[in-house]
Amino acid sequence: MALVHLIYVSRAVAIPSMDAIVTLLDGAREHNRRMGLSGILCFGNGCYLQILEGAPVVVNRLFRRIMADPRHEDVSLLEYREVPQRHFADWHMGYGPHASQGQSEEAFTPYRFSPEEALVYLQRVAAHLQPEAQLAP
Ligand SMILES: Cc1cc2nc3c(=O)[nH]c(=O)nc-3n(C[C@H](O)[C@H](O)[C@H](O)COP(=O)(O)O)c2cc1C
């Protein structure tokens, strides 16, 4: 079965509270588990960076919903391509706030990332996350 990954950046319309992030992740993880999706979500400096991995139809359908989500705007696709395997199979949606990378918030400028830089960043975030450490966003 074909596997794709999709990487995008967006801007939060308002800085989400921890409760808002937990609510978002709860819904996302439940849906993603059911649909065989994996990935990582980062937030910092008012911006989201997310990678979704899964079957093309499932990824496409979710991305349409994500683009229409009023919690963020300026959704910009960085990369969509077929991949031979998942990089983030351990997470239905891992969460890595930029601050957890030990850098200042302002240093997070994902709109400037090339697709390659985004993937490297996401892999670095994942390296600091426990597999399925999904209760402590
Ligand atoms: C930054 C961001 C990332 C999201 N990631 C996911 C995700 O990985 N999986 C998911 O099911 N929903 C995710 N959502 C929520 C969807 O946009 C949407 O609210 C959810 O799929 C419910 O869709 P519906 O309201 O059309 O039923 C995300 C929302 C935002 C703002």
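**Around the ligand and along the chain**

By class, the residues that make up the shell around the ligand split into seven nonpolar, six polar and three charged. The model is a predicted one, and in it the ligand is surrounded by 16 residues, with Ala28, His31, Tyr48, Asp69 and Arg71 as the closest. Three elements each give two or more residues to this shell: helix H1 (18-35), strand E3 (47-54) and helix H2 (56-67). H1 chips in with five residues, the largest share.

Stepping back to the whole chain, there are three helices and five strands. Read from the N terminus, the elements come in the order β-α-β-β-α-β-β-α. The C-alpha atoms fit in a box of roughly 40 × 30 × 30 Å along the principal axes. How does the radius of gyration fit with what a compact globule of 137 residues would have? A globule like that would come out near 14 Å, and the chain has 14 Å, so the two agree. Of the 137 residues, 29% count as buried. Contacts in the chain reach far along the sequence, too: of those with a separation of 6 or more, 81% are between residues 24 or more positions apart.

Next comes helix H3 (115-127). H3 is 13 residues long and spans 18 Å from its first C-alpha to its last, close to the expected 18 Å at 1.5 Å a residue. Which residues of H3 are buried? They are Ala118, Tyr121, Leu122 and Val125. These four sit on the same side of H3, because they cover an arc of only 100 degrees around the axis. There is a simple bit of helix geometry behind this kind of pattern: an α-helix has 3.6 residues a turn, so residues three or four places apart point the same way. On the face of H3 turned away from its buried side are the exposed residues Glu116, Val120, Arg124 and Ala127. As for the cover over the buried residues of H3, it includes strand E1 (4-12), strand E2 (38-44), E3, strand E4 (72-82) and E5.

One loop residue rounds off the picture. Ala99 lies in the loop between strand E5 (94-97) and H3. Is Ala99 buried, exposed or partly exposed? It has 14 C-beta neighbours inside 10 Å, so Ala99 counts as partly exposed; 20 or more would make a residue buried, and 12 or fewer would make it exposed. Ala99 and Gly44 are 55 residues apart along the chain, yet their C-alpha atoms are separated by 6.9 Å.

Terms used. Residues numbered from 1 in each chain as written. Predicted model: local features only at pLDDT ≥ 70, side-chain atom pairs only at ≥ 80, totals over all residues. Near = placed C-beta within 6 Å. Nonpolar A, V, L, I, M, F, W, Y, C, P; charged D, E, K, R; others polar. Rg over C-alpha atoms; globule rule 2.2 N^0.38 Å. Contact = placed C-beta atoms within 7 Å. Expected span 1.5 Å × (residues − 1). Arc of directions from axis to C-beta.
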